[in-house]
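Visitor: I should like to examine the classifications applied to this model and the reasoning behind each. Please set every value against its criterion.

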Amino acid sequence: MSSDARLSALYQEVILDHYRRPRNKRELEAPTGVCFLKNPVCGDEVDVQLIVRDGVVAEATFGGRGCSISQASASMMTELVKGKTIEDVRAIVDRFAAMLRGDAEAAKDEKLGQARALSGVSRFPARIRCASIAWDALLKAMK
Ligand code: ZN
């Protein structure tokens, strides 16, 4: 197996793991921000809930249903942003968007953690919305 093939197999496993065992998939009792978004093309639904305290994302959870990419992306996103400042979160969202546009440097950026497993989505324009919907909901929920 080439190293590219090995990496994409590993990434596939990470995506499936988040899809099957989603992290932070629950409702918050008193969120400070929520946003529900739908992707009608694929049927994805993502509901992001946040608790922002003193400029820090203290809690980030999600609910919803949809394809493995949309749900895994939401799960990865909540893990990544929890405990970060709003400023850091915005920088991460920008980096993630760049990765989905095919930016090779962003696809290697350690700031993106496991979300780098979604870098291959940039080659499938029809699936980009699946990967980005949770992140758009995150931005809206922070406002
Ligand atoms: Zn989808």
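Visitor: How do you know that the span of helix 4 agrees with its number of residues?
Guide: In this predicted model, helix 4 has 15 residues, which at 1.5 Å a residue should span 21 Å. The end C-alpha atoms of helix 4 are 22 Å apart, so the two values agree. Helix 4 nevertheless contains a kink of about 30°, centred on Ala 134.

Visitor: Which residues of helix 4 are buried, and what do they pack against?
Guide: The buried residues of helix 4 include Cys 130, Ala 134, Trp 135 and Leu 138. Strand 1, strand 2, strand 3, helix 2 and helix 3 are the elements against which the buried residues of helix 4 pack.

Visitor: Which residues touch the most other members of the largest nonpolar core?
Guide: They are Phe 96 and Trp 135, in a core of 43 residues. Helix 4 gives the most to this core, with nine residues. Beyond its neighbours within four places in sequence, Trp 135 has contacts that include Met 77, Ile 92 and Phe 96.

Visitor: Why is Ser 75 called buried?
Guide: The term requires a relative accessible area under 20%. Ser 75 has 0%, and therefore counts as buried. This residue lies in helix 2 and touches His 18, Pro 22, Arg 23 and Phe 62, when residues up to four places away in sequence are not counted.

Visitor: Why do Cys 35 and Cys 42 fall into separate accessibility classes?
Guide: The buried class ends at 20%, and the partly exposed class extends from there to 50%. Cys 35, at 10%, is therefore buried, whereas Cys 42, at 35%, is partly exposed.

Visitor: How do you know that Cys 35 is in no disulfide?
Guide: A disulfide needs two cysteine sulfur atoms within 2.5 Å. For Cys 35 the nearest cysteine sulfur belongs to Cys 130 and is 17 Å away, so the criterion is not met. A search of the whole structure finds zero disulfides.

Visitor: What makes strand 2 largely enclosed by the rest of the structure?
Guide: Eight of its 10 residues are buried, which is why strand 2 is described in this way.

Visitor: How do you know that strand 2 pairs with strand 1 and with strand 3?
Guide: Pairing requires at least two bridges. Strand 1 and strand 2 have seven, in the antiparallel sense, and nine join strand 2 to strand 3, also antiparallel. Both pairings therefore satisfy the criterion. Asp 47 of strand 2 is the bridge partner of Phe 36, and Gly 63 in strand 3 is the bridge partner of Asp 47.

Definitions and conventions
Residues are numbered from 1 along each chain as its sequence is written. This is a predicted model: local features need pLDDT of at least 70, side-chain atom pairs count only at pLDDT 80 or more; totals for chains, interfaces and linings use all residues. Side-chain values use heavy atoms; hydrogens and water are left out. A nonpolar core is a set of buried Ala, Val, Leu, Ile, Met, Phe, Trp, Tyr and Cys residues joined through side-chain atoms within 4.5 Å. Buried means under 20% relative accessible area, exposed over 50%, partly exposed in between (1.4 Å probe, protein chains only). Helices (H or I, at least four residues) and strands (E, at least two) are DSSP runs, numbered from the N terminus. Contact means heavy atoms within 4.5 Å. The expected span of a helix is 1.5 Å times one less than its number of residues. The bend at a residue is the angle between axes fitted to the seven residues ending there and the seven starting there.
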